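Biologist: Please take a close look at one part of this model, the strand pairing in one chain, and then carry the account on to the enclosed spaces and to the partner chain. I would like it as one connected description.

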Amino acid sequence: MLASEAWRNLVGAPTRTVLIMSLVAVLTGTITWVELTATSSLIDFQRSYDLRGGYLTLAYSQGRIDAARCERLTRNTAIEAAGGFRSAGTITPSPLPASLYSLTEITPGLIAVDVPESVVPTFPTGGYLVGGSGAKSLGLSNQSYISFAQLPPGPVAVVDLTNRAEEREGSFMSLIAPQGMVDGCMVELTRSAYPAGLDLLSATFADAGPDASINVYRRPDEFTFDPVAALADRPQARAWIAMAGLLALINWLILWFRRSDLALYTTLGSSRTDLAFMMAAETILTAPLAWIVGALWSTAIFQASHPEPLIGDQLAIAARNTGSGLLLTLALIPIGTLLYRRTDLATQLKDR
Amino acid sequence: MSLTAHSVRHRYSPAGPPVLDGVDFEVETGSSVALTGPSGSGKSTFLAILGGLTQPTHGEVMVDGQPVVRLSSTFGWVFQANNALGRRTALDNVTLPLLARGAERRSVEPEACHLLELVGLGTRIEAVARSLSGGELQRVCIARAMATQPSVVLADEPTGQLDATTSGLVLDALWAALPGSTTLVVATHDQTVASRCDRVVQISDGKLVE
């Protein structure tokens with residue numbers, strides 16, 4: 001009966017119903033917009049953070065890092081990629097007989113560390129990888145052939161190492177099997193398991209000698225902030241509480257404006273619980289629809305005005321924030337109705 | 001069903017003068033009583049206390065020897081201020097007390113329509129309450145008061161805001177809808193209303209005077 005009564009109240013007061021639904025939609029839309037804006041910015045930063053090696057760590061001990069153990073690290077979920085390297089002296093390219101270039105021997109896993117996200121070039125059989133600046137200085141491009149005074153000739157693949165291996169930008173790299181000892185093991189840790197990954201590295205290379213070091217690749221102060229912490233600390237993260245509080249306050253005002261009607265219901269036999277149920281039913285019949293409209297409207301406009309496609313996580317963050325506000329509102333409204341302090345019924349009946 | 005009040009005293013504020021000062025009152029089943037008195041004499045307050053809308057500062061109200069501790073289906077109300085849900089239809093307003101007691105809407109609509117016909121509103125059943133005239137609205141309230149077949153109907157200035165012609169229509173409707181076994185207590189300063197009642201009592205200086 002009370003659900004039917006709630007529906008009739010909503011239909012009977014269309015202006016009030018539309019105003020309240022609009023308010024819920026605007027609140028939802030605003031919070032959604034703010035969340036999408038913030039998460040877009042954070043996602044951009046996170047991509048940049050990842051790309052520039054924010055989660056890279058280097059285990060180094062000259063000639064004392066076990067290459068096989070380094071590559072096996074990727075079996076652990078805390079490790080995204082890992083590969084070893086060792087210095088192999090200098091080489092002289094035939095086109096520039098007076099020049100010297102560094103040669104670094106790398107294990108296969110290092111390619112995934114050095115060149116994330118992009119298509120990793122197939123290591124040319126019997127050939128070499130060369131960084132962008134090294135290739136430029138020799139006029140090399142992908143699949144060019146090069147010969148050296150000290151090494152057999154072979155094709156080259158040019159890779160961009162500016163973000164994650166800048167120190168090897170001017171070097172040539174040749175592939176070795178993950179066996180024996182190398183100088184260093186470059187590791188990309190899984191973002192969500194960063195501390196566990198660091199612990200794993202310490203344990204793995206504990207016997208790498210007294211000079212062994214495990215250091216993060218980027219200096220801690222190289223980035224202005226940690227995007228994961230920034231996401232957790234964003235001020236609008238608790239907007240759902242403010243949303244529910246505001247809607248509960250407005251509901252309180254509505255209760256006050258409708259005090260005469262509610263007193264009439266009471267006089268005619270409705271209990272306080274009945275009224276709480278009726279107010280909850282009025283909210284359940286309107287607020288979720290308004291929430292959907294607000295979220296869709298805001299998302300559509302945001303998407304139309306931003307070239308980058310939204311990802312599921314962004315929508316989930318916005319939906320979780322506003323959805324929590326909606327659920328809290330649905331809980332607060334009947335509680336508010338139950339707690340609403342009534343004056344004398346006879347007085348309230350006259351308050352029209 | 002007998003309705004009695006014993007030593008009812010009431011003040012609106014602890015330091016203020018008493019509105020009612022030791023009122024004793026009794027009304028027999030099926031009779032009608034008019035509470036009269038000047039404005040501010042406490043008629044409406046006493047009526048609200050009789051029906052449990054207001055708790056008296058002192059004293060008690062009994063229905064068949066049982067104290068009126070909360071609102072019950074014993075009472076049907078007709079208020080001075082046309083208390084109806086303005087955005088709802090006449091039919092909605094009349095079915096409301098039945099629905100509040102758990103009845104199914106479909107099962108109570110025929111009786112509600114019958115009551116509206118009884119008070120002369122058979123053609124206004126689906127009219128929105130706020131589109132009705134004052135007299136029509138008061139007749140909706142009378143039909144609503146009768147919907148639960150109450151033992152006692154309490155009417156607070158039922159013709160207070162109406163002209164003489166409309167008052168007559170409303171009173172006719174009230175008496176037409178009132179079953180013989182129902183007790184009626186009506187607060188009024190309208191002598192026409194008082195003259196229709198079996199008994200008239202006056203409230204003066206917080207006391208009841210026969």
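Modeller: Two strands are counted as a pair if DSSP finds at least two bridges between them. With that in mind, and remembering that this is a predicted model, we can begin with strand S1 of chain A, which covers residues 56-66. S1(A) runs antiparallel to strand S8 of chain A, residues 181-189, and seven bridges join the two; within this pairing, Ile65(A) stands opposite Val182(A). S1(A) is also joined to strand S9 of chain A, residues 213-216, by four bridges, again in an antiparallel arrangement, and here Leu58(A) has Asn215(A) as its bridge partner.

Turning from the strands to the enclosed spaces, the structure holds four cavities of 30 Å³ or more, and the largest of these has a volume of about 240 Å³. Its lining is made up of 18 residues, of which Ile20(A), Asn251(A), Ile254(A), Thr283(A) and Ile333(A) are the closest to the centre. The elements of chain A that each give two or more residues to this lining are helix H2 (14-51), helix H8 (239-257), helix H10 (272-305) and helix H11 (312-339). Sorted by class, the lining of the largest cavity has ten nonpolar, five polar and three charged residues.

The second largest cavity encloses about 90 Å³, and its lining includes Arg8(A), Asn9(A), Arg258(A) and Asp261(A) from chain A together with Leu85(B), Gly86(B), Arg87(B) and Arg88(B) from chain B. Helix H1 (2-12) and helix H9 (259-267) of chain A each supply at least two residues of that lining, with H1(A) giving the most, three residues. By class, the lining of the second largest cavity divides into six charged, three polar and three nonpolar residues.

Since residues of chain B appear in that lining, a few totals for chain B complete the account. The secondary structure of chain B consists of six helices and ten strands, and 55% of its 210 residues count as buried. Among the contacts in chain B with a separation of 6 or more, 71% are between residues 24 or more positions apart. Chain B exposes about 8700 Å², and carbon and sulfur atoms supply 48% of that area.

Notes:
Residues numbered from 1 in each chain as written. Chains lettered and ligands numbered in written order. Predicted model: local features only at pLDDT ≥ 70, side-chain atom pairs only at ≥ 80, totals over all residues. Heavy atoms only, no water. 1 Å grid on protein atoms, 1.4 Å probe; cavity = no way out; pocket = protein on both sides within 12 Å on 5 of 7 lines; lining within 4 Å. Points joined across faces, edges and corners; volume = space filled by probe spheres on them. Nonpolar A, V, L, I, M, F, W, Y, C, P; charged D, E, K, R; others polar. Buried < 20%, exposed > 50% of the residue type's maximum accessible area, 1.4 Å probe, protein only. Contact = heavy atoms within 4.5 Å. Areas by Shrake-Rupley, 256 points an atom, 1.4 Å probe, with all protein chains shown as cover.
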